Amino acid sequence: MQEPEIFEQPVRTKDPEAIVTGEETTYHTGYTGFQTNATDDSSLTDYHDFVFPEDRKLGTWSTAFLIINRVVGTGIFSTPSSIILYTNSVGATLLFWVLGGVMTFALFVYLEFGTALPRSGGEKVYLERVYRKPIYLATCIFAVQFVLFAVSSGGSISFSLYLLRAASSDGQVPSSSWIPRVISVAAITVVCLIHAFIPKLGIWLSNGLGAFKLILLTLVVCTGWAALSGRMVGESPGNFSSFNGPTDGMNAELDTQRTTAGYALALLQVLYSYSGWENANYVLTEVRDAPRTLRRAAPIAISAVTLLYVLANISFFAAMSKKDISKAGVLVGADFFRKVWGENAFATRAMPVFIALSSLGNVFAQSFAMPRVKQELAKEGILPFSRFWASDWPINSPTGAIFLHWLITVAFILGSQVDEVYTFVTNIFIYSGNWIKLFLAMGLLYLNFKSSERWADQRTTFRSSPLLTLFWIIGLLFSLSAPFVPNNLLGSDVPFYVVPTLGTSMLAIGAGYWLIWAKVLPALGFQIQHEIVQMPDGSERVKYKRMKPKKRRRKQRKRSVW
């Protein structure tokens, strides 16, 4: 019988030695990274098994739809408004969408990591492999960023606004009232309950909504072709007459904002629309034959999405002026169909509902994958009340982590103005996430060129091109540095430095959290050591070992005899 694989990840103590109560094994705190050992399970007194039923594991198409459902949803129908506002150029906007698609193929970096380390957790697992010292520093930095900002607020808000757009008689959405908040909270609540207590239904709905999104995007592209051929209710906006498109009073006002910072913020919004291509890496423990499935599903999903995204934006510009797009806010998709087909029931009622369902699919995908990462963090005791957040009661789904995901999502929805929280939260999440991706990209180059790491022996035959990784690093550096250039693109109420400063401060906050969690608390008393055991059937056993500092004997002074 195959021996279980044990991943030991102890927390440092102030004492150079730590005794495991109830066992003879002594763990030394100089340990870093993953290590395989054989232990006697009969002496364990406290453990929890995390079982992943085979009939709920994802195949190639389910994995592809998981990625599509996460990528397509809110962004493509909501972010074009802010992007054209930041760039004021049709040509530059389309180039940014192409650039975002090219940068998305940095998924090959994640493919190399994911095929070599096929465990749920995504960036958490990869950071722990690259940055082994100080122990858990990279993990804590990632935990702060991911737990606080990897939420479903944007998708939930977009769902509520499009639903209200379809229900309103005049097409106006009361974004400042309590109604969008109630609908947003109700949506994320229903989705989280389904994933927690009816997980099979959650997977089926996610797959169905993923297929529906491809049909919807295809409809957008076909409608754009009709607009390009002149078959639309209104007149053509003539956006393709020059690189920047036609000018008018509104665009002249925006010319002063077309700065390096504006391009960087536009790129952040584009990357948000493409974000989610790493979604499958978060749940690899629950993917059937993970390395093989990931190599197939990820390129299929991203190639289809990139092509449809670029064509969809061409369609938007074929029917709407730059002014119309910038004023549409998060309702660009609904206004697009009204411009082409006019004020009929299908354009004003049905299409907003379809786009709302697309946003809801995004919420389904996020709420499926993101709690899996938070559960992995909780399994190792990174989070306060880890045993609770790691719970998989009652049917082996991450109910504790799903509840945590729900709590923070609802807090963002209720704590901010609906018309402001969407862009702000997405900018913070993408900006802080770009720091994590930068560390991963540089770490992969380090692993490939540092022979002592023996990465070539650990990875599979799949390898990301170093040139592609380097190109991704350059793009990430631009998106991280340019927002510090003074600008007024976020409005008078939000200073330009808030997004990059808050996003960068996540690194310092994470380091401070690590200092308290890994240094201060262990020095004050007891702690729990977590040990993850990979069982032969694919399930995991997390062993909880209560630690206490070893008592030192006081040396007695020798009395001198006279």
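About 220 Å³ of space lies in the largest cavity of this predicted model, and the structure as a whole holds eight cavities of 30 Å³ or more. Rolling a probe the size of a water molecule over the atoms shows where empty space is left. The wall of the largest cavity is built from 21 residues, and Ser275, Glu278, Ile430, Asn434 and Lys437 are the ones that lie nearest its centre. Two or more lining residues come from each of H4, helix H7 (137-149), helix H12 (260-274), helix H19 (418-449) and helix H21 (466-481). Helix H19 gives the largest share of the lining, with six residues. By class, the lining of the largest cavity has twelve nonpolar, six polar and three charged residues.

The overall architecture comes next. The chain's secondary structure comes to 22 helices and six strands. Of the 562 residues in the chain, 58% are buried. Among contacts between residues at least 6 apart in sequence, 82% join residues at least 24 apart.

Helix H4 is met again in a pairing of two helices. Two packed helices are described by the angle between their axes and the distance between the axes. For helix H4 (residues 90-104) and helix H13 (residues 290-319), the packing angle is about 175° and the axes are 10 Å apart. That angle is over 145°, the cut-off for this class, so H4 runs roughly antiparallel to H13. On the H4 side, the contact is made by Val90, Thr93, Leu94, Trp97, Val98, Gly101 and Thr104. Helix H13 meets them with Ile302, Thr306, Tyr309, Val310, Asn313, Ile314 and Phe317. The contact of H4 with H13 comprises nine nonpolar and five polar residues, and no charged ones.

Helix H3 deserves a look of its own. Seven of the eight residues of H3 (residues 80-87) are buried, so this helix is largely enclosed by the rest of the structure. The buried residues in H3 are Pro80, Ser81, Ser82, Ile83, Ile84, Tyr86 and Thr87. Tyrosine 86 has a relative accessibility of 3%, which is why it counts as buried. From C-alpha to C-alpha, tyrosine 86 is 9.4 Å from leucine 267, although 181 residues separate the two in sequence.

Just after H3, the backbone takes a turn of some interest at asparagine 88. This residue is found in the loop between H3 and H4. Most residues other than glycine have a negative phi, and most peptide bonds are trans. Asparagine 88, however, has a phi near 55°, a positive value in a residue other than glycine. Asparagine 88 is also buried, at 2% relative accessibility. A positive phi of about 55° is found at arginine 454 too, which is likewise not a glycine. Arginine 454 lies in the loop between H19 and helix H20 (455-458). With 59% relative accessibility, arginine 454 counts as exposed.

Two cis peptide bonds can be described alongside these positive phi values. One joins lysine 133 and proline 134, with omega about -10°. Proline 134 sits in the loop between helix H6 (123-130) and H7, and H7 is one of the helices that give two or more residues to the lining of the largest cavity. The other cis bond runs from tryptophan 393 to proline 394, where omega is near 0°. Proline 394 is placed in the loop between helix H17 (386-389) and helix H18 (399-415).

Two further buried positions lie within helices. Glycine 510 belongs to helix H22 (residues 498-524) and counts as buried, at 0% relative accessibility. Not counting residues up to four places away in sequence, glycine 510 touches Cys140, Ile141 and Val144. Threonine 139 is 371 residues from glycine 510 in sequence, yet their C-alpha atoms are 8.6 Å apart in space. Asparagine 207 lies in helix H10 (residues 199-228) and has a relative accessible area of 19%. Buried means under 20%, so asparagine 207 is placed in that class. Leaving aside neighbours within four places in sequence, asparagine 207 is in contact with Ser62 and Phe65.

Technical notes
Residues numbered from 1 in each chain as written. Predicted model: local features only at pLDDT ≥ 70, side-chain atom pairs only at ≥ 80, totals over all residues. Heavy atoms only, no water. Axes fitted to C-alpha atoms, helices over the stretch in contact; angles between N-to-C directions. Helix = DSSP H or I, 4+ residues; strand = E, 2+ residues; numbered from the N terminus. Parallel < 35°, antiparallel > 145°, perpendicular 65-115°, else oblique. Contact = heavy atoms within 4.5 Å. Nonpolar A, V, L, I, M, F, W, Y, C, P; charged D, E, K, R; others polar. Buried < 20%, exposed > 50% of the residue type's maximum accessible area, 1.4 Å probe, protein only. 1 Å grid on protein atoms, 1.4 Å probe; cavity = no way out; pocket = protein on both sides within 12 Å on 5 of 7 lines; lining within 4 Å. Points joined across faces, edges and corners; volume = space filled by probe spheres on them.
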